[in-house]
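Visitor: I am new to this structure. Please take one part of it and walk me through that part closely.

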Amino acid sequence: MEEIFKQTLLYDFYGELLTEHQKSVYEDFIFQDLSLSEIASLRGISRQGVFDLLHRINKSLENYEEKLHLVERFLALKKDVTKIEAEVERLKETDPDADVSAMEQVIHHMREMI
């Protein structure tokens, strides 16, 4: 499951850098859960051709991430927001009179951005 999550994130961030053909084959495999044989049949190419294309697409997406680190930064930011939320909750528990509404609004806006 983690591999599919990783592939989905990479595609979300870098999918627009792929050709239309690459995008459609990748979407068939990842999002439509079609087999290599099904995609080959739909596209009029060999099963091996689909396999090779998917391998090249994955390599391209991973290379973009190695250079740009957008997914890594996104996941780090998401983790940081979760930590901030936990700290606000801890503050509310330890000091019931604390006014944390402004912090909660900031967290809400951060969640919307990511």
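Guide: Let us look at helix H2. This is a predicted model. The buried residues of H2 pack against three partners: helix H1 (2-14), helix H3 (36-43) and helix H4 (47-68). H2 itself covers residues 20-30. Its buried residues are Gln 22, Lys 23, Val 25, Tyr 26, Asp 28 and Ile 30.

Take the partner H1 next. The axes of H1 and H2 lie 12 Å apart, and the two helices pack at an angle of about 150°. An angle over 145 degrees counts as roughly antiparallel, so H1 is roughly antiparallel to H2. The crossing of H1 past H2 is left-handed. On the H1 side, Gln 7, Thr 8 and Tyr 11 make the contact. On the H2 side, Lys 23, Tyr 26, Glu 27 and Ile 30 do so. By type, the residues of this contact are 3 nonpolar, 2 polar and 2 charged.

Now follow H2 into the core. The largest nonpolar core has 18 residues. Val 25 and Tyr 26 are among those with the most contacts inside it, along with Val 50, Leu 54, Ile 57 and Leu 61. Five helices each supply at least two residues of this core: H1, H2, H3, H4 and helix H5 (70-94). H4 gives the most, with 5 residues.

One last link leads back to H2. Leaving aside neighbours within four places in sequence, Val 50 is in contact with Val 25. Val 50 also touches Leu 36, Ile 39, Ala 40 and Ile 45. Val 25, for its part, is one of the buried residues of H2.

Methods. Residues are numbered from 1 along each chain as its sequence is written. This is a predicted model: local features need pLDDT of at least 70, side-chain atom pairs count only at pLDDT 80 or more; totals for chains, interfaces and linings use all residues. Side-chain values use heavy atoms; hydrogens and water are left out. Buried means under 20% relative accessible area, exposed over 50%, partly exposed in between (1.4 Å probe, protein chains only). Helices (H or I, at least four residues) and strands (E, at least two) are DSSP runs, numbered from the N terminus. Contact means heavy atoms within 4.5 Å. Axes are lines fitted to C-alpha atoms, for helices over the stretch in contact, and angles run from 0 to 180 degrees between N-to-C directions. Angles under 35 degrees count as roughly parallel, over 145 as roughly antiparallel, 65 to 115 as roughly perpendicular and the rest as oblique. A crossing is left-handed if the near helix is turned anticlockwise from the far one by less than a right angle, and right-handed if clockwise. Ala, Val, Leu, Ile, Met, Phe, Trp, Tyr, Cys and Pro count as nonpolar, Asp, Glu, Lys and Arg as charged, and the others, Gly among them, as polar. A nonpolar core is a set of buried Ala, Val, Leu, Ile, Met, Phe, Trp, Tyr and Cys residues joined through side-chain atoms within 4.5 Å.
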